[in-house]
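Q: Give me a close look at the backbone of this one, please, with an eye on local geometry and burial. Then tie that back to the overall fold.

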Amino acid sequence: MKENYLGVDVCSLTYDEITSSLFHKIENSQKSFIVAINPEKIMKAQTDENLRGLLNKADYQIPDGIGVILASKIRGGNIRERVTGIDMMITLCREAEKRGKSIFLYGAKPGIADQAKIQLEKQFPKLHIAGTMHGYEKDEEVVKKTINEANPDIIFVALGSPTQEYWIIRHMDKLAPKVYQGVGGSFDVISGNLKRAPLFFQRLGLEWFYRLIKEPSRWRRQLILPKFLIKALKEK
Ligand code: UDP
């Protein structure tokens, strides 16, 4: 169920397939690690072997980023739809509410995870949010203790990439949660502090274009998309 682009694995499962696989693992007390893959991370992994190893160690590399979908289409793969970090997180919250599993929000600036918690509770009134912790606590022992005392089934880690992925790999063996997902700036969006592109742009795969108009200084970062596509095409 994996495809490989420039040395980085990408999972070809849908939201539902990943969700049912994850909850099955929770029931069996197995741990899982979800990482969002986009062209930027794949390109970074070309010159950073540690990062490549880290991305490939995850159990689910979700195709977040239209570049990965395009590469799969052109190369005859099966990935047809984006599985975005934030939508995966919301899907897991919905399922956790249904199945009586708990979640924890770790990361973002002080206050943001609490605001995100309030919004998630509005959307999922029965969801058990076992705790929150901002992403600027320097004392790792405090962070670990807070998480283990809350004893959640799922933890969403929003420290930015690749910090959050390195954090997950370093701690997942010793911590209580079963599911670990790195979610970047998702708490900023869920809390209402950062706007996501309108659905119109998302559906057309033009979220990158919306962000470019909003933050023109990103153009340099976005040159990565065509570079990635050319390289992925030549790979065969
Ligand atoms: N962040 C954090 N601790 C840090 C550095 C960053 O909690 O030491 C948070 C930051 O407040 C933001 C998120 O990590 O909420 C990074 O979001 P960004 O969109 O930059 O990450 P990306 O999705 O690009 O990886």
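A: One cut-off before we start: a residue is called exposed when its relative accessible area is over 50%, buried when it is under 20%, and partly exposed in between. Also keep in mind that this is a predicted model.

Let's begin with Ser29. Ser29 sits in the loop between helix H1 (15–27) and E3. At 51% relative accessibility, Ser29 counts as exposed, because the value is over 50%. Its phi is near 55°, which is positive even though the residue isn't glycine. For background, most residues other than glycine have a negative phi, and most peptide bonds are trans.

A second positive phi turns up at Ala108, near 70°, again in a residue other than glycine. Ala108 belongs to the loop between strand E5 (102–107) and helix H6 (112–123). The burial is another story: with 8% relative accessibility, Ala108 counts as buried.

Now for the peptide bonds. The one from Ser161 to Pro162 is cis, and its omega is near 5°. Pro162 is in the loop between strand E7 (154–158) and H8.

Ser161 also leads us to Lys41, since Lys41 touches Val35, Ala36, Leu51, Leu55, Ser161 and Glu165, if you skip residues up to four places away in sequence. Lys41 is part of helix H2 (residues 39–47). It counts as buried, because its relative accessibility is 12%. For contrast, look at Lys98 in helix H5 (residues 85–99): that lysine is exposed, with a relative accessible area of 66%. The C-alpha atoms of Lys98 and Lys117 are 17 Å apart, with the two positions 19 residues apart along the chain.

Follow H8 along, residues 163–171, and you reach His171. His171 is buried, given a relative accessibility of 3%. Beyond its neighbours within four places in sequence, the contacts of His171 are Glu140 and Lys144.

Back to E3, the strand on the far side of the Ser29 loop. Ile34 lies in this strand, which covers residues 32–37. With a relative accessible area of 0%, Ile34 is buried. Apart from neighbours within four places in sequence, Ile34 is in contact with Leu22, Tyr60, Ile62, Leu92, Val179, Tyr180, Gln181 and Gly182. Glu235 is 201 residues from Ile34 along the chain, and their C-alpha atoms are separated by 26 Å.

That contact list makes sense next to the domain split: domain 1 takes 1–82 + 198–236 and domain 2 takes 84–196. The contact between the two involves 28 residues from domain 1 and 29 residues from domain 2. Their C-alpha centres lie 21 Å apart.

Zooming out, the secondary structure comes to 13 helices and eight strands. A compact globule with 236 residues would have a radius of gyration near 18 Å, and the 17 Å of this protein agrees with that. The C-alpha trace spans about 50 × 35 × 35 Å along its principal axes, and 47% of the residues count as buried. Looking at contacts between residues at least 6 apart in sequence, 75% join residues at least 24 apart. The protein exposes about 11,900 Å², with carbon and sulfur atoms supplying 52% of that area. As for charge, the mean positions of the 37 positive and 28 negative charges are 5 Å apart.

Technical notes. Residues are numbered from 1 along each chain as its sequence is written. This is a predicted model: local features need pLDDT of at least 70, side-chain atom pairs count only at pLDDT 80 or more; totals for chains, interfaces and linings use all residues. Side-chain values use heavy atoms; hydrogens and water are left out. Helices (H or I, at least four residues) and strands (E, at least two) are DSSP runs, numbered from the N terminus. The radius of gyration is taken over C-alpha atoms; the globule rule is 2.2 Å times the number of residues to the power 0.38. Buried means under 20% relative accessible area, exposed over 50%, partly exposed in between (1.4 Å probe, protein chains only). Contact means heavy atoms within 4.5 Å. Accessible areas come from the Shrake-Rupley method with a 1.4 Å probe; for residues, only the protein chains shown count as cover. Lys and Arg count as positive and Asp and Glu as negative; His and the chain ends are not counted. The place of a charge is taken as NZ of Lys, CZ of Arg, CG of Asp or CD of Glu. Domain bounds come from an automatic or database domain assignment.
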